[in-house]
Amino acid sequence: MKVTIYDVANEAGVSIASVSRYLNNRGSVSKKNIEKIIDAIEKLHFVPEASAKSLAIGLTGTIGVQVWNADISSDYMYRFMLGAYAAVSETGGDLLITRIEGDKPEVVDAVISRRKMDGIIFPLMPGDMVPLLKALYDKEFPAVYTGARYEWDERSCNVYGGFSSYRKEVMEILIDRGCKRILCIDTDEDGRRKAEKGVIKNGFEKYVFDLIHFEGYSETSVYQYLYTLLKAKDRPDAIFFAKHEIAGIVYAAVKDAGLSIPEDLRLVSTVHSKEQDKKFIPNLAVVLIDAYQMGYQAGKKISDLIRKKPTDEKWSKITYEIRENETLG
């Protein structure tokens, strides 16, 4: 037998109006009643149909995923989307890939008023996306982002993979291995700036050969840069690259420059699934940040925000794993 909001209201001992306000994210519902409604929903396994939500309670059952200057086919995005979908589908929801441009009031108001989605997830959080995120946050529109928590975020809307922590730990490992000239390669300029702040904060300046990024560069130009650099007398003795997709180029440049791994050069990268470190010989030392788990936790968190459920801090942090494979020596 199909469960309705009438059943939820009866089980929770509250009015139908209270259940509707809670599900619709409109009007006030006491904290005590919210807890009763959530318990009833979970006990009865209540999942409103999309059409019923749209007509009766104003929810679409759709979560937006903001894609901006990102390759949707990248391993990170693919696995993130799988995880997010797994989470939102548990409550009968679905995902909608979207691209919101700008943060002007009329743009933000249109996102909310059109009711095409109940909330939005930012799988990546480049600096130029922060104003849009903040504008949606100020309007109390459910939004979840990846990365460190912003000072103005009092509702804990982020999912964090430990960027600063694992960067510091990797640098300490390389320095402990005797590395004195570490080349850091990031995915984009925003990532490079964040890495630079961490280097300065932790006092690693004298160990860093350079901080660069290859956003928008061709594979040929990346290879040529690395090959020329590795043939120089004052070359780096370690490379930490954030985008594992360039691992093949790095390995090729190292081999063609006549260097050995890890005797002449130590390598570390970040990966987003458990088998990616085994694709190369010698096996690549990596920081594993599971993109599927990050997407799943983002999906759970956005679902909680939409339902006005108290935020569970377990959804906020992703546990990373450093695998000290052969390229570390």
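**Exercise 1. Identify the residues nearest the centre of the largest cavity, and classify its lining.**

*Solution.* Step 1. The largest cavity has a lining of 10 residues, and those nearest its centre are Gln66, Val67, Trp68, Pro123 and Leu124. Here a cavity is a set of points, on a 1 Å grid over the protein atoms alone, where a 1.4 Å probe fits but cannot get out; lining residues have an atom within 4 Å of a point. The model is a predicted one, in which local features need pLDDT of at least 70 and side-chain atom pairs count only at pLDDT 80 or more, while totals for chains, interfaces and linings use all residues. Residues are numbered from 1 along each chain as its sequence is written, and side-chain values use heavy atoms, with hydrogens and water left out.

Step 2. Sorted by class, this lining comprises 9 nonpolar residues, 1 polar residue and no charged residues. Ala, Val, Leu, Ile, Met, Phe, Trp, Tyr, Cys and Pro count as nonpolar, Asp, Glu, Lys and Arg as charged, and the others, Gly among them, as polar.

Step 3. The space in the largest cavity is about 60 Å³, a volume being the space filled by probe spheres set on the grid points, which are joined across faces, edges and corners.

**Exercise 2. State how many cavities of 30 Å³ or more the structure holds, and describe the second largest.**

*Solution.* Step 1. Searching the whole structure gives 2 cavities of 30 Å³ or more. The second largest cavity holds about 30 Å³ of space.

Step 2. Its lining consists of Val170, Ile173, Val268, Ala285, Val286, Ile322, Arg323 and Leu328. Two or more of these residues come from each of α8, β10 (285-288) and β11 (321-323). Such helices (H or I, at least four residues) and strands (E, at least two) are DSSP runs, numbered from the N terminus.

Step 3. By class, the lining of the second largest cavity has 7 nonpolar residues, no polar residues and 1 charged residue.

**Exercise 3. Explain which parts of the chain the salt bridge between Asp186 and Arg167 ties together.**

*Solution.* Step 1. The closest N and O atoms of Asp186 and Arg167 are 2.5 Å apart. A salt bridge requires a side-chain nitrogen of Lys or Arg within 4 Å of a carboxyl oxygen of Asp or Glu; the count by this rule is 17 salt bridges.

Step 2. Asp186 belongs to strand β6 (residues 182-186) and Arg167 to helix α8 (residues 163-176), so the pair joins parts that are 19 residues apart in sequence.

Step 3. Asp186 is buried at 4% relative accessibility, and Arg167 is buried at 11%. Buried means under 20% relative accessible area, exposed over 50%, and partly exposed in between (1.4 Å probe, protein chains only).

**Exercise 4. Trace the salt bridges of Glu189 within helix α9.**

*Solution.* Step 1. Glu189 pairs with Arg192, with the closest N and O atoms 3.1 Å apart. These two residues stand 3 residues apart in helix α9 (residues 189-201), about one helical turn.

Step 2. Arg193 also forms a salt bridge with Glu189, at 3.7 Å between the closest N and O atoms. Arg193 and Glu189 are 4 residues apart in α9, again about one turn.

Step 3. Glu189 is partly exposed at 27%, Arg192 is buried at 16%, and Arg193 is partly exposed at 39%.

Step 4. Salt bridges link Glu189, Asp190, Arg192, Arg193, Lys194 and Glu196 in a network.

Key:
1 Å grid on protein atoms, 1.4 Å probe; cavity = no way out; pocket = protein on both sides within 12 Å on 5 of 7 lines; lining within 4 Å.
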